[in-house]
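Visitor: I work with computed structures a lot, and I'd like a close look at a single part of this one. Please pick a stretch, walk me through it and its surroundings, and tell me the cut-offs as you go.

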Amino acid sequence: AIEEDKRVKDSIYVPTNPVLVQTAAQMGLRATRLKSYRRVLQIQRPAEIEKKRYDLPISAMEFEIVDAIRNNNVTILCSETGSGKSTQVPQFLYEAGFTLLNEKDNDCKLIGITQP
């Protein structure tokens, strides 16, 4: 049992230099302050979920990921297994307003994730 506890403890990712990253919604940005095609969604999560979410390595790159996807036709993300690519990136995009109706083009986007 002690060896099993040690294996579990050793397999948990613990960031050495944690970075607190906030979404635009958490920073208080509202659609009324932004252009219509830059609206964001406010999401309320339990504190425990937020803490676990920000412990994932991918969270430190949220702004850069959203910016890259917004400004490029194709974006490829490469990161270690368990870093949060397939669970967190869709949430980043959703909260950044990617699925909201773009009144300028009368269009909205879908978020899709593929796995090998």
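Guide: Let's start with Glu48 and Lys52, which are four residues apart in helix H2 and so are separated by about one helical turn. Helices here are DSSP runs of H or I with at least four residues, strands are runs of E with at least two, and both are numbered from the N terminus. The side chains of Glu48 and Lys52 meet in a salt bridge, 3.4 Å from N to O; the term asks for a side-chain nitrogen of Lys or Arg within 4 Å of a carboxyl oxygen of Asp or Glu. Both Glu48 and Lys52 are exposed (exposed is over 50% relative accessible area, buried under 20%, partly exposed in between, with a 1.4 Å probe and protein chains only).

Before we go on, a word on the ground rules. This is a predicted model, in which local features need pLDDT of at least 70 and side-chain atom pairs count only at pLDDT 80 or more, while totals for chains, interfaces and linings use all residues. Residues are numbered from 1 along each chain as its sequence is written, and side-chain values use heavy atoms, with hydrogens and water left out.

Now turn the helix around. The buried residues of H2 are Glu50, Arg53 and Tyr54. They span an arc of only 90° around the axis, which places them on the same side of H2; the arc is taken from the directions from the helix axis to the C-beta atoms. Lys51 joins Glu48 and Lys52 among the exposed residues on the other side. The cover over the buried residues of H2 includes H3 and H4.

Charge appears on the buried side too. Glu50 forms a salt bridge with Arg45, with the closest N and O atoms 3.1 Å apart, and both of these residues are buried. Arg45 also meets Glu95 in a salt bridge of 2.3 Å, N to O. Glu95 lies in helix H4 and Arg45 in the loop between H1 and H2, so this pair ties together parts that are 50 residues apart in sequence. Arg45, Glu50, Arg53 and Glu95 are linked in a network of salt bridges, and a search of the whole structure finds five such bridges.

Arg53 leads us on to the nonpolar neighbourhood, since Phe92 is in contact (heavy atoms within 4.5 Å) with Arg53, and also with Ile58, Ser59, Glu62, Ile65 and Val66, leaving aside neighbours within four places in sequence. Phe92 belongs to the largest nonpolar core, which has eight residues, including Ile58, Ile65, Val66 and Val89. Such a core is a set of buried Ala, Val, Leu, Ile, Met, Phe, Trp, Tyr and Cys residues joined through side-chain atoms within 4.5 Å. H4 gives the largest share, three residues.

Just past our helix, Ile58 sits in the loop between H2 (47-54) and H3. Ile58 is buried, at 7% relative accessible area. Its C-alpha is 8.0 Å from that of Val89, although the two are 31 residues apart in sequence.

Finally, confidence: pLDDT is the predictor's confidence in each residue, from 0 to 100. The chain has a mean of 75, with 68% of residues at 70 or more. Among its elements, H4 has the highest mean, 88, and H1 the lowest, 63.
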